[in-house]
Every structure is written in C-alpha cells, then in structure tokens.
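Work through these exercises with the model open. Try each task before reading its solution.

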Amino acid sequence: MGLLAMWLRAAREHPERRQTAIRSAIGIGGLQLLWLARLALSGAWSLPSFLMLMLLELSVPIWAAKAGHTPWHVHHIAERYGLFTIIVLGECVLGAFNAVAGLIEVQGWSLDLAMVGLGSVGLILSLWWVYFLVPNAETLHHHRERAFNWGYGHFVVFGSLAALGAFLEVVADGFKGSSAYHAVAPTLAIGLVAAAVGVYLLTLWWLHRHIARGLAQVGWAWGIALLILVAVVAAVALGLPLAWAIAAVTAAPTFVIAVIEFERLKQPEMFRVQ
C-alpha cells in the first residue's frame, strides 16, 4: 500500500512520467493480489507459482520503464548497491569468526589458527576491494542505459557472497568436528568456498566489462584467478591442510587487484568511461 500510494502520487506530480508511474502502480498492486491468491494453491504448485511470480516481480521495473525512465540519482543508487554488498560481506565475517572459533576449540592457538584468521580476513577484504575497483557511479552517470543489467546482475553478486558466508560456516563446523558435517571432506568444503568466490569474480568481471568497456583488455586476469581457485581445490585433494587453503583462496582476488591497479598506473586511459 505504501508503494502504491507513492507511485500514484508520482503519477499526479510528474506528468512527464505519469504513464511510467501508473504502470509501476498497476504492476505492484496486481502482483500483490496474485501473491495472496497463491495461498489458495496446493503444495504441488508452491514452487512453480513462486518462481513465476518472482520473475513477474523482477520484470515490473523493466515493463514500466518502457514508457520512459524515471529520474534517479546515479551516485546515490551506486552507493546503495555498494553498501548492500558490504552488508552481505558481513555474513562472511561471521562465517570467518566461527571458523576461527572452531579451530581454537579443537586445537587451541596454533599456526593453523593464524592462517585461518589471516586468510579469512584477507579473503573478505580482497573481495570488497575487487567490487570497488571500478567507479560504478561515474560510469553509470555517462551511460544510464547500462543500469538495468548492472542492477539485476547484483542478484548474483549478493547470492554468491551469501553462499560464501554459508560455506565458511561449513568449514567452521568441519573444524569443530560437528557430527552434522562429519562426512564433509576438506576437498568438498574448500570446493564450495572456491565455487562461491569464482562465481562472485566472474559476475564482477561481467559487470565491470559491461559498464566500463575498457576493462575487457584485462579479462585474462580474471581467467587466471579462476585457475588459481581450481589449483587450490586440487592442492587440498592432494593433502594441503584446509586451514592453509583458506589463505590460498585469497590469492585469486588479490591477483585481479594487483593486475588492475598496475594497469591503472600504466594505462590510465583504459579506465576512462567508454
């Protein structure tokens, strides 16, 4: 009801975008009725109906914008996405904390503990750094037409980080010797962590390449980062301790950061908005 009221007010106050605002109100209001009607469906239709309505929800802004884009503050929107990324990274911090606590519980203070702590913190900070390598706001300011792909692409960014936090919890339970995760092999545990980091890096590469076209020239760096992740999983399968593997995973995003920062100094024109 709150969104409906605001969109209807926007339709009244902004004649140039009245059709866009009305479309938004119709889409949001109609879908809320469908969500309520979904409660009457049988259990077999629960997942299919959810997926259908979810896709319809995500399509409302695109459908409304076909009548004309509403004004929006680029730097404010870019900041919101960046802050939400940091919030989701907080889930990874919790997972890292639990991994350290689990190792203390089992082994006490040790070199392995230091590797888990430093590796986890280093991984989270490097993932944060990779996200902010490209000035999203400045680029979107010059190319607002790229905003929808950039915005919707963040579903994968947020999802991969949330998955990473969950997988670090699996690693933590593995250190604690929890019976619930007793059957999880170290290779599988680090494989899940590496997969989440890999999806995150691939998505950021696509987003950065989409809005800042010059970064296409350093696409090879992201490829090598993925190979590093594969190598870490293989090393664990060959006997590398899980505690050391967490730190090794950090090498993937760190490599990307080093290459891009070096190229930024060497060829600053590559990072100009295109």
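**Exercise 1: H5 and H11**

Task: find how helix H5 and helix H11 are placed against each other, and which residues meet.

Solution. The model used here is predicted.

Step 1. Locate helix H5 at residues 111-131 and helix H11 at residues 251-266. Their axes come within 9 Å and cross at roughly 40 degrees.

Step 2. Classify the angle. Angles under 35 degrees count as roughly parallel, and 65 to 115 as roughly perpendicular. The crossing therefore makes H5 oblique to H11.

Step 3. Give the hand. H5 and H11 cross in a left-handed way.

Step 4. List the contact. From H5 come Leu123, Ser126, Leu127, Trp129 and Val130. They meet Pro253, Thr254, Ile257 and Glu261 of H11.

Step 5. Sort these residues by class. The contact of H5 with H11 has 6 nonpolar, 2 polar and 1 charged.

**Exercise 2: H2 and H3**

Task: work out the relative direction of H2 and H3, then describe their contact.

Solution.

Step 1. Take the angle and the distance. H2 and H3 pack at about 175 degrees, and their axes are 8 Å apart.

Step 2. Apply the cut-off. Angles over 145 degrees count as roughly antiparallel. H2 and H3 are therefore roughly antiparallel to each other.

Step 3. Look at the residues. On the H2 side, the contact includes Arg23, Ile28, Leu31 and Trp35. On the H3 side, it includes Phe50, Leu53, Glu57 and Trp63.

Step 4. Sort the contact of H2 with H3 by class: 12 nonpolar, 6 polar and 3 charged.

**Exercise 3: H10 and H11**

Task: decide whether H10 is parallel or antiparallel to H11, and say which residues meet.

Solution.

Step 1. Helix H10 covers residues 242-249. H10 and H11 pack at about 20 degrees, with axes 5 Å apart.

Step 2. That angle makes H10 roughly parallel to H11.

Step 3. Ala247, Ala248 and Val249 in H10 meet Ala251, Ala252 and Pro253 in H11.

Step 4. By class, the contact of H10 with H11 has 6 nonpolar residues, no polar and no charged.

**Exercise 4: The largest pocket**

Task: give the volume of the largest pocket and describe its lining.

Solution.

Step 1. The largest pocket holds about 1,000 Å³ of space. It is lined by 30 residues. The closest to its centre are Pro61, Ile77, Tyr81, Phe148 and Tyr152.

Step 2. Find the helices involved. H1 (2-13), H2 (18-38), H3 (46-65), H4 (74-107) and H7 (147-176) each supply at least two lining residues.

Step 3. Which helix gives the most to this lining? H7 does, with 8 residues.

Step 4. Sort the lining of the largest pocket by class: 19 nonpolar, 7 polar and 4 charged.

**Exercise 5: The second largest cavity**

Task: count the cavities of 30 Å³ or more, then describe the second largest.

Solution.

Step 1. A search of the whole structure finds 2 cavities of 30 Å³ or more. The second largest has a volume of about 30 Å³.

Step 2. Name its lining: Tyr131, Asn136, Trp150, His154, Leu204, Leu207 and His208.

Step 3. Assign helices. H7 and helix H8 (186-211) are the elements that give two or more residues to this lining. H8 gives the most, with 3 residues.

Step 4. By class, the lining of the second largest cavity has 4 nonpolar, 3 polar and no charged residues.

Methods: Residues are numbered from 1 along each chain as its sequence is written. This is a predicted model: local features need pLDDT of at least 70, side-chain atom pairs count only at pLDDT 80 or more; totals for chains, interfaces and linings use all residues. Side-chain values use heavy atoms; hydrogens and water are left out. On a 1 Å grid over the protein atoms alone, a cavity is a set of points where a 1.4 Å probe fits but cannot get out, and a pocket is an open set with protein on both sides within 12 Å along at least five of seven lines; lining residues have an atom within 4 Å of a point. Grid points are joined across faces, edges and corners, and a volume is the space filled by probe spheres set on the points. Helices (H or I, at least four residues) and strands (E, at least two) are DSSP runs, numbered from the N terminus. Ala, Val, Leu, Ile, Met, Phe, Trp, Tyr, Cys and Pro count as nonpolar, Asp, Glu, Lys and Arg as charged, and the others, Gly among them, as polar. Axes are lines fitted to C-alpha atoms, for helices over the stretch in contact, and angles run from 0 to 180 degrees between N-to-C directions. A crossing is left-handed if the near helix is turned anticlockwise from the far one by less than a right angle, and right-handed if clockwise. Contact means heavy atoms within 4.5 Å.
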